[in-house]
Amino acid sequence: MYITAADGARIFYKDWGTGRPVVLSHGWPLNSDSWEAQALFLAGHGYRVIAHDRRGHGRSTQTWHGNEMDTYADDLAAVLDTLDVRDATLVGFSTGGGEVARYIGRHGTARVAQAVLVSAVPPFMLRTADNPGGVPVEVFDGIRAGSLADRSQTYRDLADGPFFGNNRPGAEVSQGIRDAFWLQSMAAGHHNAYECIAAFSATDFRGDLAAFDVPTLVIHGDDDQVVPFEVGGMASSALVKEARLLVYCGAPHGITDTHKQQLGDDLLAFLKEYDR
């Protein structure tokens, strides 16, 4: 199914189950398929689960323009408005966490009951003069260079290494999980995925987090090699008023796959808190 954004871009979305809505925003350079385990689990427990493909990713339009967080957030708003979603729990993984944060910063929480940031890029990934603990720009320049030189292999290297922690001693990440990452990544537009690197790394979400006024859960692995825990979850939980932080000990970035049962259980418990 599709909705149409303000500029005519077609945004693909899945709409599973019935009940109070849970809206899932995915990471780079993936699509809504990356949420399948959680979507199936939560829909099976009485929730309506909506998950869209970000523009330029998956089955959505590969626009040349709009590959930045303001437009991503406005596309999310178009999904919520078109479907008239109310009392939603917004859940953002990695880059999707930035999308959720910017949505709340730009559009408020009239349609939102709860927010969840999972392995998310806020508050600000890039090292700058006023963000000295951030990640050096050279890291992101390396991803950009790899994307231009051989993006297929770059995605393979991410999946086989840091994304799922498969480069750690004793790691057992299936070939299927790694292949699914590569397959979804190659479905993203080359230009869209390239520009999204700047969107997730160089966007400052600190002001957006200050606008959060709904119960917020932050979940992050403390062995995240993509969005370091100190840069992401720990910093975000300190900026969102009364946010709750769950740390997955030894967990990598891609916990939607490596810790899918734990994540599903934690999301379900948080959802039920609002439903009481």
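These are my notebook entries on the pockets, a surface patch and the salt bridges of this structure.

**Entry 1: before starting**

I kept in mind that this is a predicted model. My plan was to look at empty space, then the surface, then charged pairs.

**Entry 2: the largest pocket**

I began with a general idea: rolling a probe the size of a water molecule over the atoms shows where empty space is left. I looked up the largest pocket and found a volume of about 310 Å³. Its lining is made up of 20 residues. Nearest the centre of this pocket I noted I143, L158, F200, Q225 and V226.

Which helix gives the most to the lining of the largest pocket? I found that helix α4, residues 137–160, does, with five residues. I then sorted the lining of the largest pocket by class and got 15 nonpolar residues, five polar ones and no charged ones.

**Entry 3: the second largest pocket**

Next I turned to the second largest pocket, which holds about 240 Å³ of space. I counted 16 lining residues here, and D33, S34, A180, Q184 and D257 lie nearest the centre. Three elements give two or more residues each to this lining: α1 (36–43), α5 (175–186) and α9 (255–258). Of the elements, α5 gives the most, with five residues.

How do the lining residues of the second largest pocket divide by class? I wrote down eight nonpolar, four polar and four charged. For the largest pocket I had noted no charged residues in the lining.

**Entry 4: a patch on the surface**

I then searched the outside and found a nonpolar patch formed by M234, L245 and V247. Together they have about 210 Å² of accessible area. I placed V247 in strand β8, residues 244–248. V247 has a relative accessible area of 35%, so I marked it as partly exposed.

**Entry 5: salt bridges**

Another general idea helped me here: side chains of opposite charge can pair when their charged atoms come close. Searching the whole structure, I found 23 salt bridges. I looked up three pairs and one network.

*D7 and R55.* The closest N and O atoms of this salt bridge are 2.9 Å apart. D7 sits in the loop between β1 (2–4) and β2 (10–16), and R55 in the loop between β4 (47–52) and α2 (69–82), so the pair links distant parts of the chain, 48 residues apart. Are D7 and R55 buried or partly exposed? D7 is partly exposed, at 39% relative accessibility. R55 has a relative accessibility of 1%, and because buried means under 20%, I filed R55 as buried.

*D74 and R106.* These side chains meet in a salt bridge at 3.0 Å, N to O. D74 belongs to helix α2 and R106 to helix α3 (residues 95–107), so the salt bridge ties together parts that are 32 residues apart in sequence. I noted D74 as partly exposed at 28%, and R106 as partly exposed at 42%.

*D223 and R168.* Here the N to O distance of the salt bridge is 2.8 Å. I found D223 in the loop between β7 (216–221) and α8 (233–239), and R168 in the loop between α4 and α5, 55 residues apart. D223 is partly exposed at 22% relative accessibility, and R168 is partly exposed at 36%.

*A network.* Salt bridges that share partners join K14, D33, E36, D53 and R59 into one network. I recognised D33 from Entry 3, where it was among the residues nearest the centre of the second largest pocket.

Notes
Residues numbered from 1 in each chain as written. Predicted model: local features only at pLDDT ≥ 70, side-chain atom pairs only at ≥ 80, totals over all residues. Heavy atoms only, no water. 1 Å grid on protein atoms, 1.4 Å probe; cavity = no way out; pocket = protein on both sides within 12 Å on 5 of 7 lines; lining within 4 Å. Points joined across faces, edges and corners; volume = space filled by probe spheres on them. Helix = DSSP H or I, 4+ residues; strand = E, 2+ residues; numbered from the N terminus. Nonpolar A, V, L, I, M, F, W, Y, C, P; charged D, E, K, R; others polar. Patch = residues over 30% accessible without salt bridge, like charges linked within 9 Å, V, L, I, M, F, W, Y side chains within 5 Å. Areas by Shrake-Rupley, 256 points an atom, 1.4 Å probe, with all protein chains shown as cover. Salt bridge = Lys/Arg side-chain N within 4 Å of Asp/Glu carboxyl O. Buried < 20%, exposed > 50% of the residue type's maximum accessible area, 1.4 Å probe, protein only.
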